[in-house]
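Please take a moment to look at the sequence and the model shown here before reading on. The paragraphs that follow walk through the strands, the rings and the buried residues in turn.

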Amino acid sequence: NVIRYNTFQDNPKGQLVFRTGNKNTAYGNFFIRSGGIRVKEGQHHMIYNNYFEGESDSLYPALRLMNFKLNQKSNVGLPLDDIKIAHNTFYETNPLELGAAGMNPPTHVIFSNNIFVKSKGFLFNDYNEENVFQNNLFWGDANTGRKYKESEMAKKNPLLALNEDKIYALTAGSPAINQAYDKATLMLDNEEVKDDDPMMLLDIDGQQRDDMKDIGCDEFSKTSKTNRPLHKKNTGPAYLNN
């Protein structure tokens, strides 16, 4: 399953859920004051180029990696393994749950080239020592669960500001610009989808990433955009919008 180019806004009681399957992909989506992504079971899931903003009333996490136990009777459900989470931006969201509570913590989970901004509270819950962090940026006073090496999670202000689409994007001089580690996470190429962009040549706006990619979902660029947050003025029948 590929879920892309959607906007989940002010939808606190809903989540995007990966379950009963492998190689599910979510990219290019906007989650604004809404329940985020819950990864229940399976292997080889990919979550990249997504934007998460704002705490939702439901307290659903921006991302939840579940500690899931196989149902021995139905043989349904496999513990999480090989989960790639790259080039996302998490701005003042509910804490991410990393799946340590239980008998089957997720394994081979990689967080790479993500931006996390959180001013207070906890950045993560159910901390999982099995997770690998590579080349992420964090800014704020939230509790991150443990100390990170500079190469794992550097504490630097990414200099995000609201853009014309009312999302927090990179501004000039950001330490995220041209600083992505391009080989940190290689996505699987879904052969059933010809334009799924596993090399992340585009950012969430549909803008071309250059040879030196930026950290987070946004590439600092002045080129035209093909993907924006959806709202009443740019969706639906034309007659409703004059």
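Contact, in what follows, means heavy atoms within 4.5 Å. This is a predicted model, in which local features need pLDDT of at least 70 and side-chain atom pairs count only at pLDDT 80 or more, while totals for chains, interfaces and linings use all residues. Residues are numbered from 1 along each chain as its sequence is written, and side-chain values use heavy atoms, with hydrogens and water left out.

A good place to begin is Leu-96, which, when residues up to four places away in sequence are not counted, touches Pro-61, Ala-62, Leu-63, Phe-90, Phe-111, Phe-116, Leu-123, Phe-124 and Asn-125. Leu-96 also belongs to the largest nonpolar core, which has 29 residues, and is listed among those with the most contacts inside it, together with Ile-37, Leu-63, Leu-65, Phe-111, Phe-116 and Phe-124. A nonpolar core is a set of buried Ala, Val, Leu, Ile, Met, Phe, Trp, Tyr and Cys residues joined through side-chain atoms within 4.5 Å, and buried means under 20% relative accessible area, against over 50% for exposed and partly exposed in between, with a 1.4 Å probe and protein chains only. The elements that give two or more residues to this largest core are β3 (16-18), β6 (37-39), β9 (63-65), β10 (81-86) and β13 (107-112); strands such as these are DSSP runs (E, at least two residues; helices are H or I, at least four), numbered from the N terminus. A second, separate core of 18 residues includes Tyr-91, Leu-137, Tyr-168 and Ala-180.

Two of the elements just named, β10 and β13, also take part in an open sheet of six strands, whose order is β1-β4-β7-β10-β13-β16 with parallel pairing. Two strands pair if DSSP finds at least two bridges between them, and in general the strands of a sheet pair through backbone hydrogen bonds, either parallel or antiparallel. At the edges of this sheet stand β1 (2-4) and β16 (132-134), each with a single partner strand, so one side of each is left without a neighbour in the sheet. Within the sheet, β10 pairs in the parallel sense with β7 (residues 43-48) over five bridges, where Gln-43 stands opposite Asp-81 in β10. Five bridges likewise join β10 to β13 in the parallel sense, and there Ala-86 has Ser-112 in β13 as its bridge partner. The next step leads from β13 to β16, which run parallel and are joined by three bridges, with Gln-134 in β16 as the bridge partner of Ser-112. Six of the six residues of β10 are buried, so this strand is largely enclosed by the rest of the structure.

There is also an open sheet of seven strands, again with parallel pairing, in the order β2-β5-β8-β11-β14-β17-β18. Its edge strands are β2 (7-9) and β18 (153-155), each of which pairs on one side only. At one end of the order, β2 and β5 pair in the parallel sense over three bridges, and Phe-8 stands opposite Phe-31 in β5.

Phe-31 leads on to the aromatic rings, of which a search of the whole structure finds 14 pairs. Rings of Phe, Tyr and Trp (its six-membered ring) pair if their centres lie within 6.5 Å, and planes under 30 degrees apart count as stacked, over 60 as edge-to-face and the rest as tilted. Why does the pair of Phe-31 and Phe-52 count as stacked? The ring centres of Phe-31 and Phe-52 are 4.8 Å apart and their planes stand at 5°, so the pair is stacked. This pair links distant parts of the chain, since Phe-31 lies in β5 (residues 30-32) and Phe-52 in β8 (residues 51-53), 21 residues apart; both Phe-31 and Phe-52 are buried. Phe-124 and Phe-133, by comparison, form a tilted pair, with 5.6 Å centre to centre and 50° between the planes, and these two residues are buried as well.

Finally, Asn-67 lies in the loop between β9 and β10 and, at 18% relative accessibility, counts as buried. The side chain of Asn-67 has a polar atom 3.0 Å from the backbone oxygen of Gly-99, and it reaches the backbone nitrogen of Asn-104 at 2.5 Å; a polar contact is a pair of N or O atoms within 3.5 Å, and within protein one must be able to donate a hydrogen and the other to accept it, while residues adjacent in sequence count only if both atoms are side-chain atoms.
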